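Let's walk through this one together, a piece at a time. Keep the model open beside you and turn it as we go.

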Amino acid sequence: MKSRHGRGFSEEALRRVTARNAASEHFRGAAKPRPEPSGPAACASSLGIGARLALLLACALALPSASRSSEAVEFPEGEPPLVEPIVPIAPPLEPAAALAPPMPGEDALAAAGETPAPAPTPKAAPLEALKAGQESVAKAAESGGVGRESRALDDVFDGAAMAQVRAGRELALTVLDKNTYEVRLPGTSLDRTIVTAGSQHFNDLWTRDACFALMGLLDDPKRASAARGVLQSLFDRVDARGQLPRRQGDHPHNVVWSWFLSLFGAGLPSPRALSRFEYADGLRAPQYDAAALALILAEKYLRASGDLEFARQNYAAMSRSAAWLEAAAGSSPDKLIDQPGGADWKDGVKRSGKVAYTNVVVFKAFDSLAGISRALGDGAASERYHDLAEAIKASINGDLWDERRGYYKDSDGITAFSPDGNILAVLWGLADAGRSDRIMTALQKAFEQGRLPYPALVGGKYPPQSVPWLAKRVGVEHYHDTFIWPWQANLAAVAAERSGRPGLARRLLRRVAAQAVADGTFYEVYSPRGAPRPVRSFFYRSEPDFLWSAGTYLWAFNEILGARCGEQDCPAKP
């Protein structure tokens with residue numbers, strides 16, 4: 001067996017994971033209620049206001065950048081949970097029987113072996129339209145596309161490798177179950193299933209984390225139920241402009257208190273109700289990717305569940321959010337959003353301008369809403385959203401593609417290779433076969449450097465002036481460039497599988513599994529120096545039980561090996 005941090009795995013580490021899973025009381029079905037705080041959290045909660053203020057004052061000069069901190073809106077008990085009534089933008093919907101027929105392309109999808117999951121309710125014919133044109137790059141390589149690898153030994157895991165990746169699957173399921181809860185809707189006696197981003201700093205409903213984590217898991221009814229709860233919680237809170245919350249819970253996200261509790265291995269109390277919510281980050285930046293990801297998840301949920309009624313009830317909210325995203329591009333002829341710093345997941349740096357990642361996500365959001373509109377019989381809106389997505393796609397390929405280097409630039413102002421937008425461009429069919437092949441080559445070269453993949457920025461750092469001074473002071477100035485984020489490796493594995501590089505897909509999956517098994521859970525972020533280890537300093541500790549890492553690992557596992565490989569011995573998909 002290889003060392004703890006090698007590409008092999010330790011039998012002792014695997015035994016620890018197996019024992020932990022066997023002893024765990026996490027559910028396999030229904031969400032659980034929140035436990036009462038205990039240990040340091042309970043002790044801390046008993047402090048008086050004077051003691052808390054003293055703690056705040058004592059720690060204020062030694063805090064990391066509050067990259068996930070902002071002012072929250074209080075939602076008092078007893079008031080209705082919704083914002084002002086939404087006036088539907090679309091015309092009245094026709095009965096299901098009168099809705100538009102499926103869009104072309106279904107035969108190609110069926111030939112590729114992609115079929116919808118069994119629906120809990122009867123699917124109307126227009127839902128078949130959602131099958132057409134979705135992630136066309138996913139199976140295109142089956143006919144001999146660019147970059148296809150030989151399906152030889154790399155295509156089938158040996159026994160040790162299968163044990164390793166299945167142990168990773170069990171860990172990931174444990175994380176998802178641990179982070180899935182029933183919460184109370186403010187002013188009602190109703191409960192709703194949601195997922196939280198982590199178990200210490202980020203134990204609230206964080207929009208982008210939840211959307212990415214659930215996006216590839218909707219064939220599972222338990223995850224589909226959580227996705228419905230997450231989406232409804234978001235669409236209930238769409239504001240007058242069309243923004244969706246980036247975070248919801250029942251307490252302010254206090255980084256001082258979170259830091260103090262983390263010293264004892266404890267975390268902030270998890271939400272029992274969704275009574276507080278926030279739309280912008282600590283830099284007061286709009287969260288364009290969060291709104292776009294909700295639209296993408298909504299389409300995937302509709303496609304998997306056939307829940308037309310849910311789509312119908314929330315169509316006005318989705319249309320309003322789309323209008324906000326469209327307005328963000330202003331009158332720019334290229335239809336690309338020119339964002340301020342902090343307006344995407346890299347909110348620890350002031351990444352600004354026309355950012356590839358943000359605009360790729362927005363492209364996919366409009367593409368997804370085109371499918372939803374078509375399914376609901378709004379043909380005019382579907383065509384408009386489709387055209388808008390195509391215009392954004394053309395602009396990204398024309399303005400942000402670096403032909404010499406073979407990848408999409410981080411932004412129009414930074415030429416470095418940022419895996420996030422490039423991986424999603426392959427995954428969602430924005431990049432054509434030639435571009436996809438060059439991107440995957442760049443990702444493979446980065447992986448072959450021997451480290452845990454992937455840093456937020458490969459081979460570079462953001463300019464010092466883009467990093468908040470407080471982040472520099474406490475040693476997390478590279479949180480969003482050289483620090484390593486496993487969720488990117490998971491989605492790169494999905495992209496590799498879909499673009500004809502099955503060997504790379506399997507190596508990526510196994511590498512992430514090896515690290516998770518060694519660590520006993522899925523962590524948020526890893527140190528770029530020395531042997532891979534979760535970031536752990538006096539001022540900041542990598543979030544354990546990190547939903548985004550665990551959920552995307554399950555997505556990759558299901559994509560590469562099939563969801564049922566967790567319960568039985570099986571090779572890779574033929």
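In strand 3, Ile-194 is the bridge partner of Tyr-181. Strands and helices here are DSSP runs, E of at least two residues for strands and H or I of at least four for helices, numbered from the N terminus. That bridge belongs to the antiparallel pairing of strand 2 (residues 180-184) with strand 3, which runs over 5 bridges; two strands count as paired if DSSP finds at least two bridges between them. The two strands make a hairpin with 6 residues between them, and in the turn Gly-187 has a positive phi of about 75°. Strand 3 (residues 191-195) is mostly covered, with 4 of its 5 residues buried. Buried means under 20% relative accessible area, exposed means over 50%, and partly exposed is in between, using a 1.4 Å probe and the protein chains only.

A word on the ground rules: this is a predicted model, so local features need pLDDT of at least 70 and side-chain atom pairs count only at pLDDT 80 or more, while totals for chains, interfaces and linings use all residues. Residues are numbered from 1 along each chain as its sequence is written, and side-chain values use heavy atoms, with hydrogens and water left out.

Now zoom out. The protein has 19 helices and 9 strands, and 60% of its 574 residues are buried. Take the contacts (heavy atoms within 4.5 Å) with a separation of 6 or more: 77% of them are between residues 24 or more positions apart. The accessible surface comes to about 21700 Å², and carbon and sulfur atoms own 56% of that; such areas come from the Shrake-Rupley method with a 1.4 Å probe, and for residues only the protein chains shown count as cover.

Next, find helix 11 (residues 308-328) and helix 13 (residues 379-400), whose axes come within 13 Å and cross at roughly 30°. Axes are lines fitted to C-alpha atoms, for helices over the stretch in contact, and the angles run from 0 to 180 degrees between N-to-C directions. The crossing is left-handed, meaning that the near helix is turned anticlockwise from the far one by less than a right angle; clockwise would make it right-handed. Helix 11 brings Tyr-315, Ser-319, Ala-322 and Glu-326 to the contact, and helix 13 answers with Ala-381, Arg-384, Tyr-385 and Leu-388. Sorted by type, the contact residues come out as 5 nonpolar, 1 polar and 2 charged. Here Ala, Val, Leu, Ile, Met, Phe, Trp, Tyr, Cys and Pro count as nonpolar, Asp, Glu, Lys and Arg as charged, and the others, Gly among them, as polar.

Helix 13 has other company too: it lies across strand 7 and strand 8, running at about 90° to strand 8. Those strands belong to an open sheet of 3 strands in the order 7-8-9, with antiparallel pairing. Strand 7 (401-402) and strand 9 (414-417) are the edges, each pairing on one side only. Strand 7 pairs with strand 8 (residues 407-411) over 2 bridges, and Trp-401 has Tyr-408 of strand 8 as its bridge partner.

On either side of helix 11, two loops are worth a look. Asp-307 sits in the loop between helix 10 (288-305) and helix 11, and at 13% relative accessibility it counts as buried. Its C-alpha is 9.6 Å from that of Arg-228, which is 79 residues away in sequence. Lys-335, in the loop between helix 11 and helix 12 (356-375), has a positive phi of about 65° without being a glycine. Lys-335 is partly exposed, at 36% relative accessible area.

Finally, go to Pro-486 in helix 17 (residues 486-498). How much of Pro-486 is accessible? Its relative accessible area is 5%, so Pro-486 counts as buried. Beyond its neighbours within four places in sequence, Pro-486 is in contact with residues including Leu-452, Pro-453, Tyr-523 and Glu-524. The C-alpha atoms of Pro-486 and Glu-524 are 7.4 Å apart, across 38 residues of chain. Pro-453 has a quirk of its own: the peptide bond from Pro-453 to Tyr-454 is cis, with omega near -10°. Tyr-454 is in the loop between helix 15 (433-447) and helix 16 (469-473).
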